[in-house]
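Student: I would like to take a close look at a single part of this protein and understand how its pieces are put together. Could you take me through the sheet, and then through a residue with many contacts elsewhere in the chain?

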Amino acid sequence: MLGNAVLPHRAATRSFAEGAGWLAQIGLFVMLGLLVTPSQLPGALGPALIVGLVLLLLARPISVAACLILFRVPWREQVFISWAGLRGAVPIVLATFPIVAGVPGSPQLLNVVFVLVVIFTVVQGPTLPAIARLLGVTQPGQTREVDIESAPLDVLDAELLTFTLSPGSRLHGVEIFELRLPAPAAIILIIRGRVTFVPDPGTRLHEGDEVLIVATRTTREATERRLRAVGRRGRLACWYGEQGDLDPYPAHAAASAGIAKWTSPTPPFLAPRPSVTAPPGTDTSAVSGAPVSPSARCSSTPPPPPTSRRRP
């Protein structure tokens, strides 16, 4: 039931289970080998070969045909299934029951079963690819299923952020590209009512939307600040000097700390700067009265360097 169920980390769970199964079989063979006397094995070689050939050429093909006749399995596949009947530790375990019960001749039976399992496992195992090609049950260019695995975000050094647009939020009507989230943060899913979809850069956010964002740990703080800024002042948050601080009223905190707060209606980054006389050859664009471009203020990529100007 678990093998057919949809489990998280299915591939890793299956690999672990297969590894644990192989370790159990190895341990079982080691313990069963302790019951066998090597000096008695050559005498069991002849009976083991006879019994094995009867099982391989007669008993197993008849049982496979009887089981698959109702399913209309092609005869080539039936032959391959008959040949692929590898013997394992189960026959050896069953052969130990007579020994435990004290049945006369049970040690000889264990030797025959042990030799049969070892010989036919060594012979049949390497021949399976050749038999499959000979019967034509495989195709050389056959495509394989894609092994899809779910990876936890902590392994990817990423975090999943989610928020819901409350009524009156200024994020309403903002397009995805206008958020200008720091790379590589990205909105991966929007849940709008009963509809779930992957947004594109031109998708507009609406009130009540539940938005899912994947961001790295290094960009999470910048992503949260940008979302808070746009949520408070809209798409032109940078024009108004909104930086998305946790304290929505930084001016109050500044006043309480004895720092003069900004009261001018002109945003600080558009306020004229005093002219500074600089020596010839000095780049004065950083202290000129030209306003700073809003795109340079808000964009995640730095603006191109300004052209140098010389004063006489």
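Tutor: What follows goes through the sheet strand by strand, then turns to one arginine, and ends with a pair of helices.

Please keep in mind throughout that this is a predicted model. As a general point, the strands of a sheet pair through backbone hydrogen bonds, and the pairing can be parallel or antiparallel. Here the sheet is an open one of four strands, which are arranged in the order β1-β4-β2-β3 with antiparallel pairing. At its edges stand β1, residues 158-164, and β3, residues 195-197, each of which has a pairing partner on one side only. From one strand to the next, the sheet twists by 20° on average.

Beginning at the β1 edge, you will find that β1 pairs with β4, residues 210-216, in the antiparallel sense through seven bridges. Within this pairing, Phe163 has Val211 in β4 as its bridge partner. The next pairing, between β4 and β2, is again antiparallel and is made over five bridges, and here Val211 of β4 stands opposite Ile190. Val211 therefore serves as a useful landmark, with Phe163 as its bridge partner and Ile190 opposite it. Finally, β2, residues 186-192, is joined to β3 by three bridges, with the two strands running antiparallel, and in β3 it is Thr196 that stands opposite Ile191.

Now turn to Arg235, which lies in the loop between α7 (220-233) and α8 (250-256). Arg235 counts as partly exposed because its relative accessibility is 34%, a value that falls between the limits of under 20% for buried and over 50% for exposed. Leaving aside residues up to four places away in sequence, Arg235 touches Gly173, Val174, Glu178, Arg180, Arg204, Arg226 and Val230. Gly173 is 62 residues from Arg235 in sequence, while their C-alpha atoms are 9.1 Å apart in space. A polar atom of the Arg235 side chain lies 2.8 Å from the backbone oxygen of Gly173, and the side chain of Arg235 also makes a polar contact of 2.9 Å with the side chain of Glu178.

To finish, consider helix α1, residues 10-33, and helix α4, residues 89-101, which pack at an angle of about 35° with their axes 10 Å apart. The crossing of α1 past α4 is left-handed. In this contact, Leu28, Phe29 and Leu32 of α1 meet Ala89, Ile92, Val93 and Thr96 of α4, and by class these residues are six nonpolar and one polar, with no charged residue.

Terms used: Residues numbered from 1 in each chain as written. Predicted model: local features only at pLDDT ≥ 70, side-chain atom pairs only at ≥ 80, totals over all residues. Heavy atoms only, no water. Axes fitted to C-alpha atoms, helices over the stretch in contact; angles between N-to-C directions. Left-handed = near helix turned anticlockwise from the far one by under 90°. Contact = heavy atoms within 4.5 Å. Nonpolar A, V, L, I, M, F, W, Y, C, P; charged D, E, K, R; others polar. Pairing = 2+ DSSP bridges. Buried < 20%, exposed > 50% of the residue type's maximum accessible area, 1.4 Å probe, protein only. Polar contact = N/O pair within 3.5 Å; in protein donor to acceptor, adjacent residues only side chain to side chain.
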